[in-house]
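Visitor: I should like to learn how a structure of this kind is read. Would you take me through one, feature by feature?

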Amino acid sequence: MAFGGPGFAEIAFFHHASRSLVLTDLVQAMEVSRLPLGTGLLARMVGAASGGDTPAHLRLLLNRRREENRAAAERLLALGPARVIFAHGAFFAEDGAARLRRALGWLLG
């Protein structure tokens with residue numbers, strides 16, 4: 001599955017045997033306590049801090065192709081990932097599908 005917007009593309013990878021979904025930037029959960037003060041503040045401001053969410057700047061880009069990206073999100077959720085691994089921060093080790101649904105609620109709603 002692919003997500004995209006002007007100047008942005010992300011390909012999601014699903015490993016069936018382990019029910020693991022691998023993302024890079026679509027969801028982020030930076031551990032603010034492990035970041036320098038300025039970076040931590042920025043992560044909070046854009047929605048990339050602990051908890052797991054799509055940062056504000058990516059939401060703007062993804063909304064440019066909202067229907068395509070919503071369909072991709074629905075396909076990801078239909079896979080029922082047990083865990084969701086991403087490049088920025090603490091990944092979803094449990095309840096992957098439910099936590100991903102919450103993280104992408106802005107796109108699905």
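Guide: The discussion below goes from the whole chain to single helices and then to single residues. Please keep in mind that this is a predicted model.

Visitor: How many helices and strands does the protein have, and in what order do the elements run?

Guide: The secondary structure consists of five helices and five strands. Read from the N terminus, the order of the elements is β-β-β-β-α-α-α-β-α-α.

Visitor: What radius of gyration would a compact globule with 109 residues have, and what does the protein have?

Guide: A compact globule with 109 residues would have a radius of gyration near 13 Å, and the protein has 13 Å, which agrees. Along the principal axes, the C-alpha atoms fill a box of roughly 40 × 30 × 20 Å.

Visitor: What percentage of the residues is buried, and what does the accessible surface come to?

Guide: Of the 109 residues, 39% are buried. The accessible surface is about 5900 Å², and 58% of this belongs to carbon and sulfur atoms. As for contacts between residues at least 6 apart in sequence, 59% join residues at least 24 apart.

Visitor: Let us turn to a single helix. What should the span of helix α3 be, and how far apart are its end C-alpha atoms?

Guide: Helix α3 covers residues 66-78, and at 1.5 Å a residue its 13 residues should span 18 Å. The end C-alpha atoms are 18 Å apart, which agrees.

Visitor: Which residues of α3 are buried, and which are exposed?

Guide: A general idea helps here. An α-helix has 3.6 residues a turn, so residues three or four places apart point the same way. In α3, the residues Asn-69, Arg-70, Ala-72, Ala-73, Leu-76 and Leu-77 are buried. These buried residues cover an arc of only 160° around the axis, which puts them on the same side of α3. Glu-67, Glu-68 and Ala-78, on the other side of α3, are exposed.

Visitor: Against which elements do the buried residues of α3 pack?

Guide: Their partners are β1 (2-5), β4 (20-22), α2 (56-62), α4 (96-103) and α5 (105-108). Ala-73 offers an example within helix α3. Its relative accessibility is 0%, so Ala-73 counts as buried. Apart from neighbours within four places in sequence, Ala-73 is in contact with Phe-3, Leu-104, Leu-107 and Leu-108.

Visitor: Does the reading of α4 follow a similar path, and which of its residues are buried?

Guide: The buried residues of α4 are Gly-96, Leu-100 and Ala-103. Seen down the axis of α4, they fall within an arc of 60°, so they line one face of the helix. They pack against β4, α3, β5 and α5. Ala-98 and Arg-102 are exposed on the other side of α4. For Ala-98, the relative accessible area is 53%. Ala-98 and Pro-81 are 17 residues apart in sequence, and their C-alpha atoms are 8.9 Å apart in space.

Visitor: Which residues touch the most other members of the largest nonpolar core?

Guide: This core has 23 residues, and those touching the most other members are Phe-3, Leu-21, Leu-23, Val-27 and Leu-100. The elements giving two or more residues to the core are α2, α3, α4 and α5. Helix α3 gives the most, with four residues. Val-27, leaving aside neighbours within four places in sequence, is in contact with Gly-52, Asp-53, Phe-86, Phe-92, Leu-100, Ala-103 and Leu-104.

Visitor: My last topic is the backbone. Which residue other than glycine has a positive phi near 55°, and where does it lie?

Guide: The general idea is that most residues other than glycine have a negative phi. Arg-19 has a positive phi, near 55°, and lies in the loop between β3 (13-15) and β4. At 42% relative accessibility, Arg-19 counts as partly exposed. Asp-95 also has a positive phi, of about 55°, although it is not a glycine. Asp-95 is in the loop between β5 (83-85) and α4. With a relative accessibility of 56%, Asp-95 counts as exposed.

Visitor: Which glycine follows α3, and what is its phi?

Guide: That residue is Gly-80, whose phi is positive, near 65°.

Definitions and conventions: Residues numbered from 1 in each chain as written. Predicted model: local features only at pLDDT ≥ 70, side-chain atom pairs only at ≥ 80, totals over all residues. Heavy atoms only, no water. Expected span 1.5 Å × (residues − 1). Buried < 20%, exposed > 50% of the residue type's maximum accessible area, 1.4 Å probe, protein only. Arc of directions from axis to C-beta. Contact = heavy atoms within 4.5 Å. Core = buried A, V, L, I, M, F, W, Y, C linked by side-chain atoms within 4.5 Å. Rg over C-alpha atoms; globule rule 2.2 N^0.38 Å. Areas by Shrake-Rupley, 256 points an atom, 1.4 Å probe, with all protein chains shown as cover.
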